[in-house]
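Work through the exercises below with the sequence and the model at hand, and try each task before reading its solution.

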Amino acid sequence: MEDKGSGKGNERWNGATINLTEMSSNLESLQKLLLKKAVFVDDETFSKASLTAEQARAIKVLEQRVETLERELDAAITAAARARSEKRQAEAAQKAAELRAQEVTKELENTTKVFELHMEELRAKQEEITKRDKDIKVLEAIIQTLGGKDSSHSKNG
């Protein structure tokens, strides 16, 4: 919708600019003709010619103002387009960063689960080692007890 409105606006500005240019050109031609001929005219004609010359100067100033405003408008449109592009890039970068953060979080959670499993396995092995150590001590005690009896039996026998 903006394009249609701005297209009509540009056509109107261009039409107005062309009209102003033509009027200015006509007035300049009339002014040159008057200067070349150096005709003496009555006050009313002179006032009209002066008014026409003043209008020509005002038209020239307005034309310059229109050109300046057109340049400013073009610059504003370009800046807005650049800002929209930068915003899209920033949004894309933010989304990528969020996805990466999710990936890292997921990886960290998985690592944590693996670590917990390893810890459970290590605890189980530690408990098994502790149980076997106790069993070994019991067996050593039995062996010493039996060994003591064996050495008494072998001395007696």
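Helices here are DSSP runs of H or I that span at least four residues, and they are numbered from the N terminus. The model is a predicted one, and its protein chain holds 2 helices and 0 strands.

**Exercise 1.** Determine the helix in which Val138 is found, its exposure class, and the surface patch to which it contributes.

*Solution.* Begin with the secondary structure: Val138 is found in helix H2, which covers residues 43-156. Next, take the relative accessibility of Val138, which is 47%; because partly exposed denotes the range between 20% and 50%, this residue is placed in that class. Finally, consider the nonpolar side chains that join it: Val138, Leu139, Ile142, Ile143 and Leu146 make a nonpolar surface patch of about 470 Å².

**Exercise 2.** Describe the surroundings of Thr17, and state whether this residue is buried or exposed.

*Solution.* Thr17 lies in helix H1, residues 2-37. Its relative accessible area is 18%, and since buried means under 20%, Thr17 is buried. For the chain as a whole, buried residues make up 6% of the 157 residues. The side chain of Thr17 reaches the backbone oxygen of Trp13 at 2.7 Å, while, leaving aside residues up to four places away in sequence, Thr17 touches Glu63, Val66 and Glu70. As a last step, compare the position of Gln64, which is in helix H2: its C-alpha atom is separated from that of Thr17 by 9.7 Å, although the two residues are 47 apart along the chain. Gln64 itself is partly exposed, with a relative accessible area of 45%.

**Exercise 3.** The structure holds 5 salt bridges; examine three of them, those of Glu44 with Lys48, Glu103 with Arg100 and Glu128 with Arg132, for spacing and exposure.

*Solution.* In the first case, the side chains of Glu44 and Lys48 meet at 3.3 Å, N to O; because they are 4 residues apart in helix H2, about one helical turn separates them, and both are exposed. In the next case, Glu103 and Arg100 meet at 3.5 Å, N to O, and they lie in helix H2 at a spacing of 3 residues, about one turn of the helix. Glu103 counts as partly exposed at 47% relative accessibility, and Arg100 is likewise partly exposed, with a relative accessible area of 47%. In the last case, the closest N and O atoms of Glu128 and Arg132 are 3.2 Å apart, with 4 residues, about one turn, between their positions in helix H2. Here Glu128 is partly exposed at 40%, whereas Arg132 is exposed at 52%.

Terms used: Residues are numbered from 1 along each chain as its sequence is written. This is a predicted model: local features need pLDDT of at least 70, side-chain atom pairs count only at pLDDT 80 or more; totals for chains, interfaces and linings use all residues. Side-chain values use heavy atoms; hydrogens and water are left out. Buried means under 20% relative accessible area, exposed over 50%, partly exposed in between (1.4 Å probe, protein chains only). A polar contact is a pair of N or O atoms within 3.5 Å; within protein, one must be able to donate a hydrogen and the other to accept it, and residues adjacent in sequence count only if both atoms are side-chain atoms. Contact means heavy atoms within 4.5 Å. Patches are made of residues with over 30% relative accessible area and no salt bridge: like charges are joined within 9 Å, nonpolar side chains (Val, Leu, Ile, Met, Phe, Trp, Tyr) within 5 Å. Accessible areas come from the Shrake-Rupley method with a 1.4 Å probe; for residues, only the protein chains shown count as cover. A salt bridge is a side-chain nitrogen of Lys or Arg within 4 Å of a carboxyl oxygen of Asp or Glu.
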